[in-house]
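Trainee: I am new to this structure. Please give me a close look at the ligand site and its surroundings.

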Amino acid sequence: MSADRILDFLERADPPTPCLVLDVDVVRDRYRELSALFDKVSLYYAVKANPEPAVVRALVAAGSRFDVASPAEIELCLACGARPESLSYGNTIKKPADIAVAYAAGVRDFVFDAEEDLENLARHAPGSSVSVRILVDGPDSVTPFGRKFGCEPELALILLKRAAALGLDAAGVAFHVGSQQLDPRAWDAGIAAAAKIAAEVPVRRLNLGGGLGITYREHAPAPADYADAIFGSLRRHFPDGVPELLMEPGRALVAPAGLIRTEVVLVARKSTVDETRWVYLDVGRYNGLAETENEAIAYRLVPVGEQSAGTGPVIVAGPTCDGDDVLYQRTPYRLPLSLRGGDRLDILDAGAYTASYSSVAFNGIPPLRTYCLGTGVEDDG
Ligand SMILES: Cc1ncc(COP(=O)(O)O)c(C=O)c1O
């Protein structure tokens, strides 16, 4: 089992904490599982979730395509063996110079949501395929995007016509239901909106984005439940045949493959009467746990080694001098009463949006170090 392999590595190598240990073979297996479930959907791994080269190489070998957000992510994918035709530049916020670099590197697929970006694309990536990202109504995800990306479908229709007039290949529609989306029916609104657009202009391609949830403390639906709901919506809204389908999973591919080992720096009480202890870890908001902002992602914390059976309530905080570097104060957590500085905790399912969000050296604390196990390239038992 993969968690055993990670624990075995930690036991043997005892690397300095905090660190993320990733089992790349698990990423490959997750890719295979999603590919089988989402038959005939091209999967574009969202590199931002974890840009570790070993992950990208394993996914290249597994046949994945890639959703990239910047010239640096393009360079990374190409250096790891991806073909430029397998990349989609999914970030709608890009400078003209970024578009030019992407085009020079051979990228021909772009997502946009604004007329100015479309004009930049026509100028710096002539003839490329472009998909318009639409805003979707629907249930909020755990880490929603708000209205930052996408435009209303009425504007999207106008922009697709404009794309064709500018000599671009107006390929279709893209949307994203928000990351860690726990309601599989959330895709329905985007698919319905895309079908309405398709009644007016040709929509050859439909990009269903990322958003598949995974189980942290809160239970997430199984991948098959997402597939059933999404294919059900597609059949309902596109009864005469669906467009070419794309998905951009990030979290669902890498989160379950990683574990962060952290050390308790200090356990403190704030008064003689309050039984809640503050537990300060050597990992926090700025060196890997950015997704604890607003306590959005509640990771499972597991003490390592022998501890007392009794537990008590805790507030969990990071190691920096920043007042916002508190991980959980509203979300109830309990940890062993025997916990002391020097003890270790494991943070489970931490392979996504951790190392990639880690700051360079806030408070002189280095970014989260990653150790990769396996290659994901061949079955090694
Ligand atoms: C354009 C785009 N695609 C895909 C993803 C990946 O989403 P997730 O990790 O929820 O699968 C993101 C995440 O921010 C994104 O911005």
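Mentor: Here is the ligand site, and after it the enclosed space elsewhere in the model.

This is a predicted model, where local features need pLDDT of at least 70, side-chain atom pairs count only at pLDDT 80 or more, and totals for chains, interfaces and linings use all residues. Residues are numbered from 1 along each chain as its sequence is written, and side-chain values use heavy atoms, without hydrogens or water.

Start with the ligand's neighbours. There are 15 residues around the ligand (a heavy atom within 4 Å counts as near). Ser179, Glu248, Gly250, Arg251 and Tyr353 come nearest. By class, this shell holds 4 nonpolar, 6 polar and 5 charged residues (Ala, Val, Leu, Ile, Met, Phe, Trp, Tyr, Cys and Pro are nonpolar; Asp, Glu, Lys and Arg are charged; the others, with Gly, are polar).

Now the polar contacts (N or O pairs within 3.5 Å). Look at serine 179: an N or O atom of its side chain is 2.5 Å from a ligand oxygen. The side chain of histidine 176 also has an N or O atom 3.0 Å from an oxygen of the ligand. Arginine 251 uses its backbone: an N or O atom there lies 2.9 Å from a ligand oxygen. The protein covers 93% of the 400 Å² of accessible area that the ligand has on its own (Shrake-Rupley method, 1.4 Å probe).

Step back to the space itself. The ligand takes up the largest pocket (more than half of its atoms lie within 2 Å of the grid points). A pocket is an open set of points on a 1 Å grid over the protein atoms alone, with protein on both sides within 12 Å along at least five of seven lines; lining residues have an atom within 4 Å of a point. The volume of this pocket is about 920 Å³. It is lined by 41 residues, and Lys48, Phe145, Ser179, Tyr353 and Tyr357 are the closest to its centre. Its lining has 18 nonpolar, 14 polar and 9 charged residues. Ser179 and Tyr353 are on the list nearest the ligand too.

Next, the enclosed space. A cavity is a set of points where a 1.4 Å probe fits but cannot get out. The count is 1 cavity of 30 Å³ or more. The largest cavity has a volume of about 60 Å³. Among its lining residues are Tyr44, Ser88, Arg205 and Leu246. Strand 5 (109-112), strand 6 (129-133) and strand 8 (205-207) each supply at least two lining residues (strands are DSSP E runs of at least two residues, numbered from the N terminus). This lining divides into 5 nonpolar, 4 polar and 2 charged residues.

How values were computed: A polar contact is a pair of N or O atoms within 3.5 Å; within protein, one must be able to donate a hydrogen and the other to accept it, and residues adjacent in sequence count only if both atoms are side-chain atoms. Grid points are joined across faces, edges and corners, and a volume is the space filled by probe spheres set on the points. Helices (H or I, at least four residues) and strands (E, at least two) are DSSP runs, numbered from the N terminus.
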